[in-house]
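Let's take a walk through this structure by following its charged side chains. Have a look at the model first.

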Amino acid sequence: MENLSNPDENDDHQSPRSIDQNDQSAVETPVYSTMSIDSFVYPRTCSETTSGFSDQIDETNSFCSEASPCNWPVLTESKSSKCLSGLEMQSNECLVVQEIYEPELETMKERFAKLLLGEDMSGSGKGVCTAVTISNAITNLYATVFGQNLRLEPLETEKRALWKREMNCLLSVCDYIVEFIPRCQNLSNGATVEVMESRPRADIYINLPALRKLDSMLMEALDSFQNTEFWYAEEGSLSMKSARSSTGSFRKVIVQRKEEKWWLPVPLVPSEGLSDKARKQLKNKRESTNQIHKAAMAINSSILSEMEIPDSYMTTLPKCGKSSVGDSIYRYMSGSGRFFPEQLLDCLNISSEHEAVQLADRVEASMYTWRRKSCLSNSKNSWNMVKDLMSTTERTDKNYVMAERAETLLFCLKQRYPELSQTSLDICKIQYNKDVGKAVLESYSRVLEGLAFNIVAWIDDVLYVDKTMRGSE
C-alpha cells in the first residue's frame, strides 16, 4: 500500500540535548529517555486497512458481470470517496502519533549509536567496551536526575519518570545474561529426563532484585517528606526574612558546622524547634535510610571484590611494600606481637577523607605487593595464578603474614570511614572491567549508595539545626 506519511516532513525533527553541569566526571547524557517498547507505532495490517472497503460495498453492485474474469468488489464514486476520506483521517492520526514519538525515537537512535561506538563519535574503533559504556550511562543518569536534588522533598514527576524509564531500559540487558542449570522433567509416559533450562546468572539473580527494592525504598523515603515542619532557604536569602519565619540565628549555626558546603540550601526550623513527633519520625527515617546505605555499600563491595584485577594495576605496584606504607606503619605491622589495626589507626590521627583514601591506596598496594612476593618463585604475570598459589603457600612466610595484616588494616579503615570514596584499585577495576552484568550491578549499587548517603546527611543537617535551636533556648 502506498506510504501515507511524507518522509520529508520529519527531516527537521531533531532531539535537543542536555549536558549535566553538576558532575564534572560525567560524560554527555541526554536528559530524556530512550523510547520504550510500547512507544513504537505498529503499521496496520492488510486486513485492518481493507475493512474500510468491505463496510462500504453494495451487495447489488458488488460483483462484476459473468464475463468478468474475476469477481472483485466494485466501489461507486461516492462510496469510494467516503472510504478515502476515512483513510485520510487515519493517516493524519498516524502522522500526529509519529510526531509525538519522533524525539524519543531520535534519542533511542543516539543511545544505540553510543553503545555500539563505545562513546567514540569518530567511529575509529577506539571507544570503550560495552560494560564501561553502560556503567557511565547509569552514572550520568543519576547525575542528571539527582544532581540538583539537594533537599528532603519528593522528586519531581518528570525526573521520577525519567529515572524509572531510563533505568528499566539500562537494566533490561540483565534479562539476557543467563546461565543453564539442570532440571528434572516428567514425561507423559512416566519417564523422567534431565533438561537444561536458563535463568539469570547467579550474581544478577541475587543482587538485582535487592537493588530494585532498595531503589523503591529510597523513592518512598523522599516521597514521605511532604508538609514537613522544616523548610529551606537558599544561600542568597539568609537574612531569614522568609514568609514562614524570621528567626535570624541560622547563619551562626551553618558557620559552626564542621564541613560547610556553601552551595547546599540551609535547613530552617521553627524558633521553638521541631515537635517531638516530627523529630522522632526524622530519626526513624534516618535509621532506615542508613540501613539502605549499608546494604547498597555491601553489594557494591562484593561486586568489586569479584572483579578481576587488571594487569595494568599489577605492573604499577611498588617493588617493596615497606616503601608504600612508610617506615612507621611498617614497624608497627612487622612487630612480633599481636597486631591491633584499631590501635594503629588511632595513632595515625587521620583528619580528613583525603588522608584516609591515600592511606587506603598505600595499604592496598603494599598488600598485593607482599602477596605477589610470597608466590614469587612460582608466580606468573597473571594474577589468577598468584591467587591460586596463595592457598598453598606456607602461612609462616613473612610476606604472607604482612599481606594478611595489611588486609585487616584496610578492612578496619573502611569500617571506620564508611563514606570513604573508591580506591585506585576500585577505579581501575571499573575502568578495565568487561563483564556487562558486573558493570550494571556495580554502577547501580554505587549510585543508590550515594543517594542513601545524601539523604542521611540531609536529615542530619535538619536534626543539627533543630538541636542548636533548642539548645539556644
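What follows is a tour of some salt bridges and the helices that hold them.

A quick word on the ground rules: this is a predicted model, where local features need pLDDT of at least 70, side-chain atom pairs count only at pLDDT 80 or more, and totals for chains, interfaces and linings use all residues. Residues are numbered from 1 along each chain as its sequence is written, and side-chain values use heavy atoms, with hydrogens and water left out.

Searching the whole structure turns up 13 salt bridges (a side-chain nitrogen of Lys or Arg within 4 Å of a carboxyl oxygen of Asp or Glu). One of them pairs Arg160 with Asp223, with the closest N and O atoms 2.3 Å apart. Arg160 sits in helix H4 (residues 157-171) and Asp223 in helix H5 (residues 202-223), so this pair ties together parts 63 residues apart in sequence. Helices here are DSSP runs (H or I, at least four residues), numbered from the N terminus.

Next, try Arg416 and Asp346, whose closest N and O atoms are 2.9 Å apart in a salt bridge. Arg416 belongs to helix H14 (residues 398-416) and Asp346 to helix H11 (residues 341-348), so parts 70 residues apart in sequence are tied together.

Now for a bridge inside one helix. Arg446 and Glu442 meet in a salt bridge (2.9 Å, N to O), and both lie in helix H16 (residues 436-472), four residues apart, about one turn of the helix. Glu442 is buried at 1% relative accessible area, while Arg446 is partly exposed at 21% (buried is under 20%, exposed over 50%, partly exposed in between, using a 1.4 Å probe and protein chains only).

Note on methods
Helices (H or I, at least four residues) and strands (E, at least two) are DSSP runs, numbered from the N terminus.
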